[in-house]
Amino acid sequence: MYIDSHCHINFPELRSNLQSVLNNMEINKITNALCVSVTLDDFPSVLEIAEQHDHIYASVGVHPDYEDIKEPTVEQLVLLANNRKVVSIGETGLDYFRLQGDLSWQRERFRTHIRAAIEAKLPLIVHTRSAQDDTITIMQEESSSKVGGVMHCFTETYEMAKKAIDQDFYISFSGIITFKNAQELRDVVKKIPMNRILIETDSPYLAPVPNRGKTNEPSNVMYVAEKIADIKNLSIEEVASITTANFKKLFSKCHLS
């Protein structure tokens with residue numbers, strides 16, 4: 001039994017073939033998935049899928065990569081999160097890899113999401129890339145530990161992971177850990193305690209080996225679990241059980257059995 005803690009099955013690449021995607025989840029024992037919002041315009045499509053399928057859940061948030069759009073307010077995010085299928089705020093965070101120049105708007109957007117999460121009493125989904133210091137500083141300043149959350153698709157250092165864990169965050173790994181050139185990240189996986197690890201696909205992106213280069217989907221999360229089992233010298237069943245329990249603990253609004 002696996003749970004994909006982060007996917008975008010509302011994106012056109014997967015939405016156009018959604019029933020097949022859901023069937024593949026069932027075949028590969030992916031019991032649940034969290035479909036993650038990246039803009040407020042995108043959110044209705046996320047919520048629609050979640051409301052139509054009992055085993056799919058939703059988040060609400062605006063990704064840091066989207067410039068020149070109407071900024072969400074705390075009140076707006078809290079209102080949209082007031083739905084039984086919305087279990088998290090995000091994805092949010094900082095990305096200094098894709099964007100350059102004055103990114104103060106990105107930092108303020110991140111703060112807005114943390115404040116909304118605290119008001120809504122929901123965990124955060126944090127995207128961070130090439131912005132380690134500012135990400136951790138803002139999390140500390142805004143008291144993100146009050147709600148905790150997950151550092152999704154983590155590719156940064158163990159030192160950053162430890163600082164996030166100290167704020168009651170989980171660390172989620174994607175298919176990147178299966179890539180040949182990802183040994184440094186596998187070394188990070190080795191150091192993170194299993195009770196702080198989640199697994200995800202970030203589909204339709206980042207398909208793991210042996211499907212690298214293809215459109216990713218939630219059924220591939222089992223390959224992430226297999227790689228973690230190999231790194232940790234655990235059985236695949238142990239990794240599946242622990243990461244599922246971690247998901248249930250973090251996203252407690254899901255009320256999974």
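Helix 8 (residues 183-191) gives the most to the lining of the second largest pocket, with 5 residues. Keep in mind that this is a predicted model. The pocket itself has a volume of about 240 Å³, and 14 residues line it, with Thr-155, Asn-181, Ala-182, Glu-184 and Leu-185 the closest to its centre.

Now for the largest pocket. Here strand 5 (residues 124-129) gives the most to the lining, with 3 residues. The lining counts 21 residues, and those closest to the centre are Arg-98, His-127, Arg-129, Asp-202 and Leu-206.

Here are the two pockets side by side:

| Pocket | Volume | Lining by class |
|---|---|---|
| Largest pocket | about 460 Å³ | 8 nonpolar, 7 polar and 6 charged residues |
| Second largest pocket | about 240 Å³ | 6 nonpolar, 3 polar and 5 charged residues |

On to the sheet. It's an open one of 8 strands, paired in parallel in the order 1-2-3-4-5-6-7-8. Strand 1 (2-7) and strand 8 (197-199) sit at the edges with a single partner strand each, so one side of each has no neighbour in the sheet. On average, neighbouring strands are turned by 30° against each other, direction ignored.

What joins strand 1 to strand 2 (residues 30-35)? The two run parallel and are joined by 4 bridges. Tyr-2 stands opposite Ile-30 in strand 2.

Finally, helix 10 (residues 236-250) lies across strand 1, strand 2, strand 6 (149-151), strand 7 (169-173) and strand 8. Helix 10 runs at about 100° to strand 8.

Key: Residues are numbered from 1 along each chain as its sequence is written. This is a predicted model: local features need pLDDT of at least 70, side-chain atom pairs count only at pLDDT 80 or more; totals for chains, interfaces and linings use all residues. Side-chain values use heavy atoms; hydrogens and water are left out. On a 1 Å grid over the protein atoms alone, a cavity is a set of points where a 1.4 Å probe fits but cannot get out, and a pocket is an open set with protein on both sides within 12 Å along at least five of seven lines; lining residues have an atom within 4 Å of a point. Grid points are joined across faces, edges and corners, and a volume is the space filled by probe spheres set on the points. Ala, Val, Leu, Ile, Met, Phe, Trp, Tyr, Cys and Pro count as nonpolar, Asp, Glu, Lys and Arg as charged, and the others, Gly among them, as polar. Two strands pair if DSSP finds at least two bridges between them. Axes are lines fitted to C-alpha atoms, for helices over the stretch in contact, and angles run from 0 to 180 degrees between N-to-C directions. Contact means heavy atoms within 4.5 Å.
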